[in-house]
Amino acid sequence: MSHQHTSEQYPGEHEHEFQHEHHRFETLAIHAGNTADPLTGAVVPPIYQVSTYKQDGVGGLRGGYEYSRSANPTRTALEENLAALEGGRRGLAFASGLAAEDCLLRTLLAPGDHVVIPDDAYGGTFRLFAKVLSRWGVDFSVAHTSDPAAVRAALTPRTKVIWVETPSNPLLNITDIAGLAGIARSAGARLVVDNTFASPYLQQPLALGADVVVHSTTKYMGGHSDVVGGALIVDDTELADELIYHQNAMGAVAGPFDAWLVLRGIKTLAVRMDRHCENATRIAEMLTKHPRVSKVLYPGLPDHPGHEVAAKQMKAFGGMISFRVDGGEEAAVAVCDRAKLFTLGESLGGVESLIEHPGRMTHASAAGSALEVPSDLVRLSVGIESGDDLLADLQQALS
């Protein structure tokens, strides 16, 4: 069994930390947490595929490591990197995005507590609240988080968390993070922001007043559709210590190879996101003019209701687009089936472009609920291929 590390014992905190006070994002992505190996000088952190560590006498830990559920040097490198990119004091890496969410919610909540969640949250997040946490006495209300009045109306004296996705999955709604941070503070609640769609390159919620940032690192952070992972980043050291305790107690940590893959993916995050955004902008503009498309949901379009807020809090508008197809559900499914370069598949954020029908795929768990998505909706994860080739594929799929 392992003992929990205190903040004073946090592995790697003093030995490996990259001094990044004056460095910009692109530099942090490559260097934060990526200290050269002291034994060999290897410029990439090794994969410490190890479960336990030799102690120099009872309690004599080398670098604070004793058991890899509690801490692992490869995971430490990733966690330092995550914290630096989001401007937080602590990052925690998990086996999946939902594992990160589960740890966070069981740390912050107790039976009888209440949460406000978005009316278009990711289906897995909704399932976690509706089918898992509800059995343990945690209640939730659904609100359109783009509307501050709707969020205020959903609050109760028992509200401990306001949960936000911005941009949201899959309707690409935008929430004013700074505005909701003020509402959360007034209510004595924590503001949690799922930053998966934006990535820290485009948006940094902690700087806007959020208490916790959540990521599925499977998506843009990993970026290559070859790893599943999750993360939490916080700036409050007391909350960080509580989360670290629960991370160890619950055990759904990122394995060393998975941590290494995410860390490798992050190094190219900035350049990938630039291309994702460039391609998505071109595609969104094409879709707005297509006769078979009834509505395009992309915050980069000037007529998007969240465009001004997105322009204020994001560097660019991201690589995710949803659109509605004339002809209803069967027409939308047919578009997904006809696409060739866009791969029919779930997930998002990889270098390859994906297409899916949310109602039958990623958001099937929300069917019949307040979070049910339109049946004529198609979601795109725009990759970094040639923009011309992607446009041609969508045009033939819509023909």
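Begin by selecting F126, F129, F140 and W163, which ring pairs link into a cluster. Rings of Phe, Tyr and Trp (its six-membered ring) pair if their centres lie within 6.5 Å; planes under 30 degrees apart count as stacked, over 60 as edge-to-face and the rest as tilted. The model is predicted, so local features need pLDDT of at least 70 and side-chain atom pairs count only at pLDDT 80 or more, while totals for chains, interfaces and linings use all residues. Residues are numbered from 1 along each chain as its sequence is written, and side-chain values use heavy atoms, with hydrogens and water left out.

**Aromatic pairs**

A pair of aromatic rings is described by the distance of the centres and the angle of the planes. The count for this model comes to 6 aromatic pairs. Within the cluster, display F126 and F140: their ring centres are 6.1 Å apart and their planes stand at 90°, so the pair is edge-to-face. F126 belongs to helix α4 and F140 to strand β3 (residues 139-143), so the pair ties together parts that are 14 residues apart in sequence. Helices (H or I, at least four residues) and strands (E, at least two) are DSSP runs, numbered from the N terminus. F126 counts as buried, at 9% relative accessibility; buried means under 20% relative accessible area, exposed over 50%, and partly exposed in between (1.4 Å probe, protein chains only).

Next select F257 and W260. This aromatic pair is stacked, with 6.0 Å from centre to centre and 15° between the planes. The two residues are 3 apart in helix α9, which separates F257 and W260 by about one helical turn. F257 is partly exposed, with a relative accessible area of 40%.

**Nonpolar cores**

Which residues touch the most other members of the largest nonpolar core? Of its 41 residues, they are F25, L78, L82, Y201, L202, I266 and L269. A nonpolar core is a set of buried Ala, Val, Leu, Ile, Met, Phe, Trp, Tyr and Cys residues joined through side-chain atoms within 4.5 Å. To see the framework, colour α1 (25-31), α2 (73-86), α7 (199-202), β7 (230-234), α9 (256-266) and α10 (269-288), the elements that give two or more residues to this core. The largest share, 6 residues, comes from α9.

Then centre the view on Y201. Not counting residues up to four places away in sequence, Y201 touches F25, E26, L269, A270, M273, D274 and K315, where contact means heavy atoms within 4.5 Å. For comparison, select F94, L133, L232 and A240, which are among the members of a second, separate core of 30 residues.

**Pocket and cavity**

Rolling a probe the size of a water molecule over the atoms shows where empty space is left. On a 1 Å grid over the protein atoms alone, a cavity is a set of points where a 1.4 Å probe fits but cannot get out, and a pocket is an open set with protein on both sides within 12 Å along at least five of seven lines; lining residues have an atom within 4 Å of a point. Grid points are joined across faces, edges and corners, and a volume is the space filled by probe spheres set on the points.

Select L98, Y122, N169, S216 and K219: of the 27 residues that line the largest pocket, these lie nearest its centre. Elements giving two or more residues to the lining are α3 (97-108), α4 (123-132) and β6 (212-216). The pocket has a volume of about 430 Å³. Its lining divides into 8 nonpolar, 12 polar and 7 charged residues. Here Ala, Val, Leu, Ile, Met, Phe, Trp, Tyr, Cys and Pro count as nonpolar, Asp, Glu, Lys and Arg as charged, and the others, Gly among them, as polar.

The model has 2 cavities of 30 Å³ or more. The second largest, of about 30 Å³, can be located by selecting its lining, which includes L78, F94, D258 and V262. β1 (90-94) and α9 each give two or more residues to that lining.

**Backbone stops**

Finally, follow the loop between β4 (159-165) and α6 (177-187), where P167 lies. The peptide bond from T166 to P167 is cis, with omega near -10°. P170 is in this loop between β4 and α6 as well, and the bond from N169 to P170 is cis, with omega near 15°. L172, also in the loop between β4 and α6, has a positive phi near 55° and is buried, with a relative accessible area of 1%.
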